[in-house]
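Here are a few quick notes on the pockets, for when you have the structure open. Tell me if anything reads oddly.

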Amino acid sequence: MEFPVRTGAPKSQKTACAILPIFEGRTLKGASHKIDSSCGKILSKLIRTSSSYGKLGQTLLIPQIKGIAAEKILLVGCGKETDFNAKALSQAVSASIAALSKVGLREATSYLAYSSIQDIDEYYKARLTAEAAQSALYRFDEIKSHTSRQTKITRLGIAVDALTKAKEARRGVSHGQAISSGMNIARDLSNRPPNICTPSHLATESQEIAKTFDNLTTKVLAEKDMERLGMGALLSVTRGAKEPAKFIIMEYKGASSNEAPIVLCGKGITFDTGGISLKPPSKMDEMKFDMCGAATVIGTMASLGQLQPSINVIGLVPACENMPGSEATRPSDIVTSMSEQTIEIINTDAEGRLILCDALTYASRYEPRLMIDVATLTGACVIAIGHVYTGLFSNNDDLASDLLEAGKRSLDPAWKLPIDEEYGVSLKSNFADFANSGAREGGASIAAQFLSRFVGKTPWAHLDIAGIAWKSNENKGATGRPVPLLMDFLLNL
Ligand code: BES
Ligand code: MN
Ligand code: ZN
């Protein structure tokens, strides 16, 4: 989708539809006020006679309008003007796109971010508009035999009230577009069924993506390579599966080779049955989303390829299935991780940490300046903070606060949770260095504590995305989060 930045006077802007904000309270502001004066006060009359208007997300299409260059007007409720912020802007844009899709318009111009909005600048106004619009248009219909051939909007003008603001708005648009493509890649990979989206599929898709961008390469390790590297923890998870495991290494090189890279590491369990510690049937289909961490990393690498920032970033994706079977790992089996620490496998359903710990050990080869892993790691994280925030765990307060800020700015928020050593007590094993699972209480922190034993002194953060990576029920599907958070963090380094 294209987002041309429009700098002309609102009344003379040619467009199929001008998207105008309307706030609770009977006054018109900014572009709405300007346009109202040119088209016979039709908007003023409307809000004077209507009993309900301005509620956030409410829309009203005025199909014919005279006196201005726009053919139609879409009035969009933006809530109380004093409350209008980045989040409300994003919701108003989504509502506009939904309304325009219903009437099948191909083009429109948004005035929702024309006036100033508290706390955000021209860059974020444009970026969040582009992201919200593309997100609202996302559909996953590649496997439906009959897809509705709905006309989609392909151009959304973004109007700004001064020529001097156009440059920052254009930068926002280009970042928003790249972040959206990354999210779409993540959502597509995650939504695909596990009989299509296998570890091999993740590997070939990563290779295809790398081919389309400069400075991005992909290398894939096979099981025998992992054996040679001593990745005993990762290999123990894939034992019950017929599908071969893959270890995907994506490298984005935007700075000189002597600059230490950032390593991103994504959990790529393409289906989690629980293994011998089999999960109950309810909602087990959703365990196809257990590779959303991997999809986030792959999507983020693609966004980087598109934007070419001056940093070095490595994306690591350990990918396999977690299946039961006669060759599957048993509870009480003991494995040796690549770090040489031994792990007693108490519960084969605590498999994410087993593939991640070897990936984190592998990451230290790059002597990274920092590492971030992304994983649908624990049901306990969902119980703790639900479906709003990513759970953030870190051994470094500066890194944690940078990520929290990036989450706020990108409307993809994270919440910091504890990781103190005490959480590791229940991982004690009588037979190995430690166990892969412990107490139920505080399970998200216990999992993070487990991972912390594989990162040494490198600044590291763990993002538990079990609650936010996908939606259940009628809107079942991947969200593309936390690509925006990661991209915002990386672009601000
Ligand atoms: N992939 C799951 C975590 C999960 C569960 C994410 C439900 C989203 C929704 C993970 O591999 C898992 O099974 N974790 C166990 C850990 C436990 C056995 C220590 C869990 O959370 O129950
Ligand atoms: Mn599991
Ligand atoms: Zn899992």
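1. Start with the second largest pocket: helix H11 (379-385), helix H13 (443-452) and strand E19 each put at least two residues into its lining. H11 is the top contributor there, with 5 residues. Bear in mind as you look that this is a predicted model.

2. As for how much room there is, the second largest pocket holds about 1,200 Å³ of space. It has 44 lining residues, and those closest to its centre are Lys 279, Leu 377, Thr 378, Gly 379 and Ala 380. By type, the lining splits into 18 nonpolar, 14 polar and 12 charged residues.

3. Now for the largest pocket, which comes out at about 1,500 Å³. Here 48 residues form the lining, with Ser 90, Leu 411, Lys 471, Thr 479 and Arg 481 closest to the centre. Several elements give two or more residues to this lining: helices H3 (86-103), H4 (122-137), H5 (166-191) and H12 (397-409), plus strands E16 (414-416), E19 (470-471) and E20 (477-478).

4. What is the make-up of the lining of the largest pocket, in nonpolar, polar and charged residues? The split is 19 nonpolar, 14 polar and 15 charged.

5. Where does the largest pocket lie relative to domain 1 (5-137) and domain 2 (179-491)? It sits between them, because both domains give residues to its lining.

6. One element to check in both places is E19: it supplies at least two residues to the lining of the second largest pocket, and it also gives two or more to that of the largest.

How values were computed:
Residues numbered from 1 in each chain as written. Chains lettered and ligands numbered in written order. Predicted model: local features only at pLDDT ≥ 70, side-chain atom pairs only at ≥ 80, totals over all residues. Heavy atoms only, no water. 1 Å grid on protein atoms, 1.4 Å probe; cavity = no way out; pocket = protein on both sides within 12 Å on 5 of 7 lines; lining within 4 Å. Points joined across faces, edges and corners; volume = space filled by probe spheres on them. Helix = DSSP H or I, 4+ residues; strand = E, 2+ residues; numbered from the N terminus. Nonpolar A, V, L, I, M, F, W, Y, C, P; charged D, E, K, R; others polar. Domains from an automatic or database assignment.
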